[in-house]
Amino acid sequence: MQSISSKLPEVGTTIFTVMSQLSSKHNALNLSQGFPNFEANSKLIELVSKAMHTGYNQYAPMPGLLSLREIIAQKTNTLYGSNYHPESEVTVTAGATQAIFTIISAFINPGDEVLVFKPAYDCYEPSIQLFGGTVVPVQLSAPNFTVDWKEVATKITSKTKMVIINSPHNPSGSILSKQDMLQLEKLLKGTTIILLSDEVYEHIIFDGQKHQSAALFPGLAERAFITASFGKTFHTTGWKMGYCLAPADLMAEFRKVHQFNVFSCSHPMQYALTEYLKTPEHYLSLPQFYQEKRDLFLSLLKDSRFVLTPASGTYFQLLGYSAITQESDVAFAERLTIEHKIASIPVSVFNLDQQDDKVLRFCFAKTEDTLKRAAEILCGI
């Protein structure tokens with residue numbers, strides 16, 4: 001048999017699949033993988049059905065329906081005072097992950113360096129490695145996951161091609177402040193470094209805080225790809241629908257790859273999303289919707305032995321367990337799933353050298369009943 005040389009020899013099955021499979025095997029409550037266990041708005045589903053019955057079942061335009069791109073640009077420009085042009089600076093994608101992969105594949109060459117803040121969502125680094133890039137990690141520290149910009153400055157070199165940021169941040173639930181973004185803008189000034197800003201949780205942010213999009217900062221927006229997710233925003237992760245924004249010259253390069261990767265995305269869903277986005281309340285109501293879930297989950301856990309640092313954004317809550325056990329987070333997560341029937345995500349798998357801060361990630365995009373059941377289990381540990 002021919003010997004196969006892997007381009008990703010150290011990459012195995014993602015932790016999300018591993019924990020979900022373990023959860024299923026042991027009939028555990030699954031708060032590991034990041035998806036809601038409640039349905040999307042019936043109006044949105046009806047709009048997709050209507051589009052299918054109306055005949056929107058063939059290829060959509062390669063960059064996406066113009067009507068959808070127009071309303072995405074309108075939404076973004078209204079929220080952030082930007083000036084994205086729907087024809088040349090917005091592309092509809094098969095979820096944010098496809099957008100991220102396409103951005104990296106379009107720009108990263110062998111020897112290029114990419115700064116990645118750890119813990120990092122697990123799709124960034126394999127994509128960089130596939131195209132010969134070098135990951136330059138910057139480790140954030142629990143429990144606040146703030147950025148040491150002096151350290152970042154030391155890691156930017158003549159080989160730095162891209163910086164990847166993610167706010168609100170998965171898995172920590174932290175956010176980048178206005179001051180953070182200004183620091184980044186200052187560091188990148190006068191360079192040709194591309195910024196990839198993963199903003200899939202832009203509408204899920206709490207306690208009256210404002211999302212600091214790269215679009216708000218001219219010195220970042222001029223070099224930034226912004227990726228977004230309809231799946232995260234509208235409780236439809238299985239649809240794999242998203243989009244990205246970028247200046248026209250960057251987007252032109254993106255589309256060169258996009259057209260030969262997926263070409264175009266679901267036509268009826270694009271039609272439905274165009275109509276659904278005409279009601280801004282569908283996304284502007286998300287902070288209150290998810291903050292109520294976060295606050296319920298935390299209130300139910302107040303008498304537990306876990307350390308609670310309220311998430312500032314996303315629908316993930318980290319729970320510190322150092323007062324319970326000194327097991328590794330991977331071992332503890334497995335034991336919780338098998339013995340206590342509740343699944344979570346160990347954060348060390350996203351860290352530099354698997355740094356173990358004794359925290360687990362729990363998804364609270366769940367029904368009230370599910371959160372109560374989860375808290376009952378966790379309070380008994």
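In this predicted model, the side chain of His169 makes a polar contact with the side chain of Ser172, at 2.7 Å. A second partner sits on the backbone: the oxygen of Pro119 is 2.8 Å from a polar atom of the His169 side chain. His169 belongs to the loop that runs between strand S5 (160–166) and helix H7 (178–188). Its relative accessible area comes out at 5%, and since buried means under 20%, His169 counts as buried. Setting aside neighbours within four places in sequence, the residues in contact with His169 are Pro119, Ser174 and Thr314. Pro119 thus turns up twice, once through its backbone oxygen and once in the contact list.

Burial is also the theme for helix H11, which spans residues 267–276. Of its 10 residues, 9 are buried, so the rest of the structure largely encloses this helix. The buried set consists of His267, Pro268, Met269, Gln270, Tyr271, Ala272, Leu273, Thr274 and Tyr276. As for what does the enclosing, these residues pack against four helices and a strand: H2 (42–54), H3 (66–80), H9 (230–233) and H12 (281–284), plus strand S2 (90–93). At the N-terminal end of H11, Ser266 acts as the cap, with a side-chain oxygen 3.4 Å from the backbone nitrogen of Met269. Met269 is itself one of the buried residues of H11.

Two helix pairs are worth setting side by side. In the first, the axes of H4 (residues 95–107) and H10 (residues 248–261) come within 9 Å and cross at roughly 110 degrees. An angle from 65 to 115 degrees counts as roughly perpendicular, so that label applies to H4 and H10. H4 passes H10 in a right-handed crossing. On the H4 side the contact uses Gln98, Ala99, Phe101, Thr102, Ile103, Ser105, Ala106 and Phe107, while H10 supplies Leu250, Glu253, Phe254, Val257, His258 and Asn261. By class, that contact has 8 nonpolar, 5 polar and 1 charged residues.

In the second pair, H1 (residues 15–25) packs on H14 (residues 329–339) at about 25 degrees, with the axes 8 Å apart. That angle makes the two helices roughly parallel. The crossing of H1 and H14 is right-handed. Here Met19, Leu22 and Ser23 of H1 meet Ala333, Glu334, Thr337 and Ile338 of H14. Sorted by class, the residues of this contact are 4 nonpolar, 2 polar and 1 charged.

Note on methods
Residues are numbered from 1 along each chain as its sequence is written. This is a predicted model: local features need pLDDT of at least 70, side-chain atom pairs count only at pLDDT 80 or more; totals for chains, interfaces and linings use all residues. Side-chain values use heavy atoms; hydrogens and water are left out. Buried means under 20% relative accessible area, exposed over 50%, partly exposed in between (1.4 Å probe, protein chains only). Contact means heavy atoms within 4.5 Å. A polar contact is a pair of N or O atoms within 3.5 Å; within protein, one must be able to donate a hydrogen and the other to accept it, and residues adjacent in sequence count only if both atoms are side-chain atoms. Axes are lines fitted to C-alpha atoms, for helices over the stretch in contact, and angles run from 0 to 180 degrees between N-to-C directions. Angles under 35 degrees count as roughly parallel, over 145 as roughly antiparallel, 65 to 115 as roughly perpendicular and the rest as oblique. A crossing is left-handed if the near helix is turned anticlockwise from the far one by less than a right angle, and right-handed if clockwise. Ala, Val, Leu, Ile, Met, Phe, Trp, Tyr, Cys and Pro count as nonpolar, Asp, Glu, Lys and Arg as charged, and the others, Gly among them, as polar.
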